[in-house]
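Below is a colleague's note on this structure, set out as numbered points to be read with the model open. The points begin with a single residue and move outward to salt bridges, helix packing and backbone angles.

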Amino acid sequence: GLGFAGTVKEVTPNAGGIPDHVLESPLLSPSEREFILVKGYHGWVGRAILALKELEALQQEIKPYSVVVYSANLRTYLEAKGIAWRTGLTITVHMKNQLTHSELISLFQRSRIYIGLSLSDGISTSFLEALSSGAIPVQTDTACIDEWTPSWVARVKDLKPTTIRAAILDGLSKANNFGYLEANRDLVARRGVASKVSLVTREFYDNL
């Protein structure tokens, strides 16, 4: 509308997409998924502590599962340990850069839900990793997840405690439907698999 006459590149994940082998791995059934996975960023825009507080409020509902926090900083670590002490919940904390990528993907593949709360985000690689691994994302609307619909996610429309709590329960409910897990993976296979992203990116630069 403003007169641009150049080439518009197809929108692709800036981190290169999800490795093909991840999308080729068998999806575990809902009954085999034992973890609730939480992105542990808390600081500039990350809000992991808010997620942990609402998991504490839902301690009766989440007792069958273990909580795993990854990429945690010190504030998140201390909050998680305090909740574990107060509630008896099983909470494992991995500090930032402690896990390899393959170890993290293994956690996604064994998780029922993934919780990512942030004041701002792009597509969020963790969001795509969750979709491709069969973990239902519980993701704030501050990420551009609407560009990846239709996908079965639990949207967090604001950071009020009741909203976060409801989204967690929504995600746990959606995680019972294996069809949702398959639909999420199929979406990434169509739009975010690394082999396709590489081809699209190469073609764009070849045509400059």
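1. Once neighbours within four places in sequence are set aside, E56 is in contact with I83, R86 and T87. The residue E56 itself is found in helix α2, and, because its relative accessible area is 17%, E56 is buried. Please keep in mind throughout that this is a predicted model.

2. One of the contacts of E56 is also a charged pairing, since R86 forms a salt bridge with E56 in which the closest N and O atoms are 2.8 Å apart. The pair links distant parts of the chain, with R86 in helix α3 (residues 74-87) and E56 in helix α2, 30 residues apart. The two partners fall into separate classes of accessibility: R86 counts as partly exposed because its relative accessibility is 47%, whereas E56, at 17%, counts as buried, the limit for buried being under 20%. The pairing also belongs to a wider arrangement, in which salt bridges that share partners join K53, E56, E79 and R86 into one network.

3. A second salt bridge that involves helix α2 is the one that R165 forms with E54, where the closest N and O atoms are 2.8 Å apart. This pair, too, links distant parts of the chain, for R165 lies in helix α6 and E54 in helix α2, 111 residues apart. At 29% relative accessibility R165 counts as partly exposed, while E54 has a relative accessible area of 8% and is therefore buried.

4. The packing of these two helices deserves a look in its own right. Helix α2 (residues 48-57) and helix α6 (residues 161-174) pack with their axes 9 Å apart and at an angle of about 70°, which means that α2 is roughly perpendicular to α6. As for its handedness, the crossing of α2 and α6 is right-handed. On the α2 side the contact is made by L50, A51, E54, L55 and A57, and these meet P161, I164, R165 and I168 in α6. Sorted by class, the contact of α2 with α6 has seven nonpolar residues, two charged residues and no polar ones. Both E54 and R165 appear among the contact residues, and these are the residues that form the salt bridge described in the previous point.

5. How many salt bridges does a search of the whole structure find? The search finds ten. Among the pairs is that of E34 and R110, whose side chains meet in a salt bridge with an N to O distance of 3.0 Å. Here again distant parts of the chain are linked: E34 is in the loop between α1 (20-24) and β1 (35-39), and R110 is in the loop between α4 (101-109) and β4 (111-116), 76 residues apart. With 34% relative accessibility E34 counts as partly exposed, and R110, at 32%, counts as partly exposed as well.

6. A further helix pair should be examined alongside the one above. Here α5 and helix α7 (residues 178-191) pack at an angle of about 125°, with their axes 6 Å apart, and α5 and α7 are therefore oblique to each other. Residues L128, L131 and S132 of α5 make this contact with L181, N184, R185, L187 and V188 of α7. The residues of the contact of α5 with α7 divide into five nonpolar, two polar and one charged.

7. The last point concerns the backbone, and two serines should be inspected. Most residues other than glycine have a negative phi. In S71, however, phi is near 55°, a positive value in a residue other than glycine; S71 has its place in strand β2 (residues 66-72), and because its relative accessible area is 17%, S71 is buried. Likewise S124, although it is not a glycine, has a positive phi of about 75°. The residue S124 is found in the loop between β4 and α5 (125-133), and at 5% relative accessibility S124 counts as buried.

Conventions: Residues are numbered from 1 along each chain as its sequence is written. This is a predicted model: local features need pLDDT of at least 70, side-chain atom pairs count only at pLDDT 80 or more; totals for chains, interfaces and linings use all residues. Side-chain values use heavy atoms; hydrogens and water are left out. Axes are lines fitted to C-alpha atoms, for helices over the stretch in contact, and angles run from 0 to 180 degrees between N-to-C directions. Helices (H or I, at least four residues) and strands (E, at least two) are DSSP runs, numbered from the N terminus. Angles under 35 degrees count as roughly parallel, over 145 as roughly antiparallel, 65 to 115 as roughly perpendicular and the rest as oblique. A crossing is left-handed if the near helix is turned anticlockwise from the far one by less than a right angle, and right-handed if clockwise. Contact means heavy atoms within 4.5 Å. Ala, Val, Leu, Ile, Met, Phe, Trp, Tyr, Cys and Pro count as nonpolar, Asp, Glu, Lys and Arg as charged, and the others, Gly among them, as polar. A salt bridge is a side-chain nitrogen of Lys or Arg within 4 Å of a carboxyl oxygen of Asp or Glu. Buried means under 20% relative accessible area, exposed over 50%, partly exposed in between (1.4 Å probe, protein chains only).
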